Amino acid sequence: MMNAVEAKGLVKSFGNVMALDGVSFTIRDREIFGLIGPNGAGKTTALRILGTLLKPTSGSAEVFGMNIVREPERIREIISYLPEEAGAYQNLSGYEYLSFMAGFYSNADRTAGEMLEEAERISGLGQRLEDRVKGYSKGMKQRLLLARALMMRPRLAILDEPTAGLDVVHAYHVRQMIKDYADTRGVTVLISSHNMLEVEYLCHRVALIHMGKIIAEGRPDELKQNFGAENLEQVFMEATRLA
Amino acid sequence: MRSIKPLIVKEVKELVRDPKILIGVILMPLLIFPVMGSAISVSQKSVMRAIISASFAVYNEDEGPAVGALLDYLFTNNTVIPIETESLQDALIEFQGTNATALLYIRDGYSENASRGLRGRLKIYANLKSMTIAEAGTTDTVSNLIGIYSYQLSMSKIHRLLEEAGDPSDPTAVRSPLSVSTASIIKGNVLEVPPSSIFNLIISQSVMLPIMVMVMLMFAIQMAATSIALEKEQKTLETLMTLPVGRLTILSGKLGGSIVVAVAGAISYMIGFSYYMTSAFSFAPGLTSMTTGDIGLGLQPLGMILIGVNIFVTLVSGLALAISLAVFADNVRSAQSLTGFLVIPVIIPSIILMFADLSMLPPTFQWILLAIPYTHSIIGTKAAFLGDYFVVLRSIAYIAAFTVAVLYIAARIFSTERIITARFASFSLRGLLKKR
């Protein structure tokens with residue numbers, strides 16, 4: 001089976017700052033893969049490269065066999081990207097926002113109306129979708145954005161810190177949304193987080209990133225066993241000590 | 001390009017639903033200009049009423065026969081306050097205690113001078129209590145009354161002297177032997193209108209329009225810059241960039257939406273301003289009765305179309321420039337300060353060309369001004385009024401070429417990762433010095 005993502009030796013520098021320093025990892029089709037590490041480790045840069053927003057300084061990456069530098073337009077057809085702490089258009093209603101976004105993906109196979117129905121179900125916002133986004137709480141906004149990212153049934157959903165800044169209730173709801181959707185629709189999910197417990201709960205496999213380098217990769221239970229740790233937090237601390 | 005329409009619709013909705021833009025760009029011109037016009041009209045009418053109904057005081061020291069006719073003339077149809085004191089000093093003190101704003105002082109010897117064929121000497125004192133136009137107007141009213149009386153007196157004396165001498169000359173010709181009238185030649189046609197009136201008219205109609213466009217352009221620039229900065233701040237631009245839609249389409253949608261709102265703002269500005277012109281000067285219909293059409297300088301349909309094109313390309317260039325600059329800003333505040341620099345090339349040519357023609361300026365200054373595209377917006381509009389369509393087309397071509405260059409740069413920025421990574425801070429002087 002074709003891998004969803006294959007990143008090989010990704011390097012990205014911004015002037016003198018080396019954000020990624022030879023990052024390689026593989027994401028299998030239909031798995032939830034977590035890229036975990038502290039702030040400034042290079043998670044967002046890696047996600048932006050796979051989301052076709054940035055080009056690597058060197059190295060290569062493929063999404064379902066398509067090269068991110070040579071075929072970004074084709075990749076954009078099958079991915080959806082949710083930036084960290086993203087917002088939506090404040091003066092549009094939730095429904096208008098989703099409708100605007102669905103317009104870019106609708107085709108003969110799947111109409112914008114079908115996507116909107118799905119988004120309504122995923123978000124669980126009901127009648128509040130008629131309200132302007134500027135009246136939404138942070139949690140409601142994140143549910144709207146996640147519904148936007150998933151409603152078009154991407155082959156790869158790239159979610160950058162999807163629960164950052166959310167309260168327990170909304171964070172729980174968002175995690176459930178991701179897990180349910182990935183299980184039922186067979187979508188591959190690449191998620192970044194610095195919440196190790198969240199990643200442990202959600203992801204099939206994870207990669208630990210520190211100072212632009214992957215320091216460990218594998219299934220959460222596998223990693224815990226290898227590092228003799230009780231949780232991923234301990235794995236991360238041990239892995240950084242050894243790196 | 002199937003995705004451009006939703007992008008434009010989204011942009012227009014986002015902008016128009018923002019109360020700051022709705023009020024500032026579209027509603028404010030419709031409200032502020034009529035209010036300003038009405039305020040000016042009301043105040044001017046009040047001034048005129050105050051001048052017409054103004055009372056003035058008269059202090060007379062002369063007791064001879066000639067002063068009686070002057071006093072009869074003054075007291076008829078006017079509200080005159082007679083002041084009777086022992087000295088001019090006392091008269092001035094009493095005058096300041098009255099409502100009158102002018103005092104006519106008739107000196108002793110007025111009648112004697114008249115009988116000896118000498119000039120009668122009068123003096124007007126203006127009491128400037130509130131420093132208003134109405135006070136100056138009342139003084140002018142008294143001066144004019146005296147001027148008319150002086151003219152009539154002189155004409156009757158000339159008439160009598162000519163009769164006595166048996167001279168058949170016209171008394172008017174004796175008083176003013178030379179009569180000068182002015183005419184202007186425009187595009188080969190002789191018009192019986194003084195050149196000063198024509199220039200006032202051209203300035204009021206052909207210069208005001210580009211200035212209005214410049215003001216509106218500033219609004220549009222701020223609006224487009226704010227819109228891009230908001231997209232960056234809220235990371236909606238980042239999301240847009242990962243959608244299956246061309247980067248150029250995203251840029252065009254952004255630009256298209258801004259143009260729609262800017263044009264709506266321009267129309268609102270035009271309506272508001274024309275209402276302002278008619279209401280502000282409604283107290284003096286003569287000021288607005290003459291149009292450029294009356295003197296053969298009216299806009300022909302072709303000129304009107306070219307002015308429209310000129311304004312359109314000016315707007316597009318300003319918006320493209322604003323979008324290109326705002327890309328380097330992290331947030332709305334830095335976008336507004338970045339685009340704030342655009343005030344200089346937009347406003348300076350308007351101000352300079354309001355007072356001077358380009359050919360009057362030193363050559364270096366001319367070249368600098370000509371390099372600024374917005375200079376051509378004004379030159380083009382003026383030329384359209386004068387029917388010089390070649391100059392209009394040349395101006396449009398220059399602005400269009402500049403716009404294409406700016407759009408090309410904007411498209412380049414949009415097609416690279418700079419749209420995500422560019423930061424205003426990276427252009428700081430400290431950063432430049434560090435690199436060295």
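In the predicted model, A:Glu85 is partly exposed, with a relative accessible area of 46%, and A:Lys138, at 45% relative accessibility, likewise counts as partly exposed. These two residues form a salt bridge in which the closest N and O atoms are 3.5 Å apart. The pair links distant parts of the chain, since A:Lys138 lies in helix H5 (residues 138-151) of chain A, while A:Glu85 lies in the loop between strand E6 (79-82) and H3 of chain A, 53 residues away.

A second salt bridge within chain A joins A:Glu118 to A:Arg121, with the closest N and O atoms 3.8 Å apart. Both residues belong to helix H4 (residues 112-123) of chain A and, being three residues apart, they are separated by about one helical turn. An α-helix has 3.6 residues a turn, so residues three or four places apart point the same way. The two partners nevertheless fall into opposite classes of accessibility, for A:Glu118 counts as buried at 5% relative accessibility, whereas A:Arg121 counts as exposed at 54%. The pair is also part of a network of salt bridges, in which A:Glu118 and A:Arg121 are linked with A:Arg110, A:Arg153 and A:Arg185. Over all chains, a search of the whole structure finds 26 salt bridges.

Four salt bridges are found across the interface of chain A and chain B. One of the salt bridges in the model that crosses between chains connects B:Arg17 with A:Glu96, the closest N and O atoms being 2.6 Å apart. This pair runs from the loop between helix H1 (4-16) and helix H2 (19-52) of chain B, where B:Arg17 is found, to helix H3 of chain A, which holds A:Glu96. At 23% relative accessibility, B:Arg17 counts as partly exposed.

The interface as a whole brings 32 residues of chain A into contact with 26 residues of chain B. Between them the two chains bury about 2,700 Å², of which 54% is on carbon and sulfur atoms. Of the area that chain A buries against chain B, 26% is supplied by A:Leu53, A:Tyr89 and A:Phe104, more than by any other three residues. In addition, 13 residue pairs are in polar contact between chain A and chain B, with both residues of each pair at pLDDT 80 or more. On the side of chain A that touches chain B, the elements giving two or more residues are strand E1 (5-14), helix H2 (72-78) and helix H3 (94-102) of chain A. The largest share, three residues, comes from H3(A). By class, this side of chain A has 13 nonpolar, eight polar and eleven charged residues.

Two helices of chain B were also examined for their span and for their buried residues. Helix H14 (residues 343-355) of chain B has 13 residues and reaches 19 Å from its first C-alpha to its last, close to the 18 Å expected at 1.5 Å a residue. Its buried residues include B:Val346, B:Pro349, B:Ser350, B:Ile352 and B:Leu353. Helix H17 (residues 389-415) of chain B has 27 residues and reaches 38 Å between its first and last C-alpha, which is close to the 39 Å expected at 1.5 Å a residue. Among the buried residues of H17(B) are B:Tyr389, B:Val391, B:Val392, B:Ser395, B:Ile396 and B:Ile399, and, further along the helix, B:Thr403, B:Val406, B:Ala410, B:Ala411, B:Ile413 and B:Phe414.

Notes. Residues are numbered from 1 along each chain as its sequence is written. Chains are lettered from A and ligands numbered from 1 in the order in which they are written. This is a predicted model: local features need pLDDT of at least 70, side-chain atom pairs count only at pLDDT 80 or more; totals for chains, interfaces and linings use all residues. Side-chain values use heavy atoms; hydrogens and water are left out. Helices (H or I, at least four residues) and strands (E, at least two) are DSSP runs, numbered from the N terminus. The expected span of a helix is 1.5 Å times one less than its number of residues. Buried means under 20% relative accessible area, exposed over 50%, partly exposed in between (1.4 Å probe, protein chains only). Contact means heavy atoms within 4.5 Å. Buried area is the accessible area (1.4 Å probe) that two parts lose on being put together, summed over both. A salt bridge is a side-chain nitrogen of Lys or Arg within 4 Å of a carboxyl oxygen of Asp or Glu. A polar contact is a pair of N or O atoms within 3.5 Å; within protein, one must be able to donate a hydrogen and the other to accept it, and residues adjacent in sequence count only if both atoms are side-chain atoms. Ala, Val, Leu, Ile, Met, Phe, Trp, Tyr, Cys and Pro count as nonpolar, Asp, Glu, Lys and Arg as charged, and the others, Gly among them, as polar.
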